[in-house]
Amino acid sequence: MKCVFSAPQHKHYPESFLVNGVREQNPEMPGRIDKLLEGAGDLGLDIVTPKDYGLGPIARVHTPEYLEFLQHAYKRWKRIPGAAAEITPNIHPTNRDGVYPASVVAQAGYHMADAGAPITGETWESALNSAWSAIHASELVLDGEKSAYALCRPPGHHAGSDLAGGFCYLNNTAIAAQNLRRKYDSVAILDVDLHHGNGTQDIFYRRDDVLTVSLHADPVRFYPFFWGHAAERGEGPGLGYNLNFPLPRGTRDDDYLVALDKALNRIYAFAPQALVIALGLDAFENDPFAGLGVSTEGFGKIGKAIAERFPGPTVIIQEGGYLCEELGENLASFLRGFREGSK
Ligand SMILES: [Zn+2]
């Protein structure tokens, strides 16, 4: 298996993150990459650099006004006298159906769902390269490789078609899934990140060609709060093509694997031609977010169970997983399990 990654993904280094109203260091730090590369290295994965895919495959998921905002907002922001070093929103529309705002301050409120995805001078370059890594991994699979891993950073699964949020700007998982649709009629997304993949869910909510399934800490008292509940099943033609497994806080390996088995049953019944795994490693018991209790060995079991149940073409996209001693080991454990299950 190849690991797709490019150096500019290091550049984005946001400072701020609000925790209960307190400004703290944003935990989505470039150091995550070094840990994840160590994990990929332990398994002997070849590191490959993605090609420049331009905006084409990204524009199939994100709106033109949002892409223009992400690309140019920072230099407009810097023209405001006394503006902060990074863009964070301070007003949000309660109705997004109205006129598109002209000012960069208003556009920030329009396109940023929360204060967890500040925009710096380097954000666009890193997010673009992160998306290209996802596209490249999907291209490897389209060209016949059985599976590929994209070390995406910044992550993407909270980003909607025109919304940033929760450390995410471009939805790498959705972009990879949409790109796989060029060849495959049906694609499933399995999101195992600690947090519900609300952006991914929203992008495919009204469609029956991409099944979205997510296991995550119950959002009743956990980010992203407003999405990820079991009653959200899709709309219109997409009804029944979205499935959420909200898990009690602290859920450990055994109970997690029971829920995973149910998720895999639904994917089996959908019989997709390709699978995208949104691989968050923040369900780990010692992750700083402390939401679920999956162990390092548990990630190996998760990887093995997925590969055993779905032997088809699979793209693995890195989502969350924050700085802790075991971050690289957790990736290696998942990929080792996945490799075993694929035999
Ligand atoms: Zn997460």
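# A tour of the pocket, the zinc site and helix 8

Begin with the largest pocket, which holds about 1,100 Å³ of space. The model on your screen is a predicted one.

**Stop 1: the largest pocket.** Select D114, Y223, P224, F225 and W227, the residues that lie nearest the centre of the largest pocket, out of 48 that line it. Next, colour strand 2 (16-19), helix 4 (104-111) and helix 7 (198-203), the elements that each give two or more residues to this lining. Which of them gives the most? Helix 7 does, with 4 residues. Sorted by class, the pocket lining has 23 nonpolar, 16 polar and 9 charged residues.

**Stop 2: the zinc ion.** Select the zinc ion together with D193, H195 and D282, its protein donors. The donor atoms are OD of D193, ND1 of H195 and OD of D282, and they lie 2.0 to 2.1 Å from the ion. Along the chain, the donors follow the spacing D-x1-H-x86-D. Now trace the chain on either side of two of these donors. H195 is in the loop between strand 6 (187-191) and helix 7, while D282 is in the loop between strand 9 (274-279) and helix 9 (296-309), so this pair ties together parts that are 87 residues apart in sequence. Are these two donors buried or exposed? H195 has a relative accessible area of 5% and is buried. D282 is buried as well, at 0%.

**Stop 3: the largest cavity.** There are 2 cavities of 30 Å³ or more. The largest cavity has a volume of about 60 Å³. To find it, select its lining: I189, D191, H196, G197, T200, Q201, T212, V213, S214, N242 and N244. Strand 6, helix 7, strand 7 and strand 8 each supply at least two of the lining residues, and the largest share, 3 residues, comes from strand 7. By class, the lining has 2 nonpolar, 8 polar and 1 charged residues.

**Stop 4: the second largest cavity.** Here the space is about 30 Å³. Select V192, Y256, L279, A283, F299, I302 and F334, which line the second largest cavity. What classes of residue are found in this lining? It has 7 nonpolar residues, with no polar and no charged ones.

**Stop 5: helix 8.** Y256, from the lining of the second largest cavity, is also one of the buried residues of helix 8. Select residues 253-270 to show the whole helix. At 1.5 Å a residue, its 18 residues should span 26 Å, and the end C-alpha atoms are 25 Å apart, which agrees. Now pick out the buried residues of helix 8: D253, Y256, A259, L260, A263, L264, I267 and F270. Turn the view to look down the axis of helix 8; the buried residues fall within an arc of 145°, so they line one face of the helix. The face turned away from that buried side carries the exposed residues D254, D255, Y268 and A269.

**Stop 6: two loops.** Select E235, in the loop between strand 7 (210-217) and strand 8 (242-247). E235 has 40% relative accessibility and counts as partly exposed. Add F204: it is 31 residues from E235 in sequence, and the two C-alpha atoms are 9.6 Å apart in space. Finish at N95, in the loop between helix 3 (64-78) and helix 4. With 49% relative accessibility, N95 counts as partly exposed. N95 and Y110 are 15 residues apart in sequence, with 9.6 Å from C-alpha to C-alpha.

Technical notes:
Residues are numbered from 1 along each chain as its sequence is written. This is a predicted model: local features need pLDDT of at least 70, side-chain atom pairs count only at pLDDT 80 or more; totals for chains, interfaces and linings use all residues. Side-chain values use heavy atoms; hydrogens and water are left out. On a 1 Å grid over the protein atoms alone, a cavity is a set of points where a 1.4 Å probe fits but cannot get out, and a pocket is an open set with protein on both sides within 12 Å along at least five of seven lines; lining residues have an atom within 4 Å of a point. Grid points are joined across faces, edges and corners, and a volume is the space filled by probe spheres set on the points. Ala, Val, Leu, Ile, Met, Phe, Trp, Tyr, Cys and Pro count as nonpolar, Asp, Glu, Lys and Arg as charged, and the others, Gly among them, as polar. Donors are N, O and S atoms within 2.8 Å of the metal (3.2 Å for Na, K and Ca); water is not among the atoms, so sites may look incomplete. Buried means under 20% relative accessible area, exposed over 50%, partly exposed in between (1.4 Å probe, protein chains only). The expected span of a helix is 1.5 Å times one less than its number of residues. The arc is that of the directions from the helix axis to the C-beta atoms.
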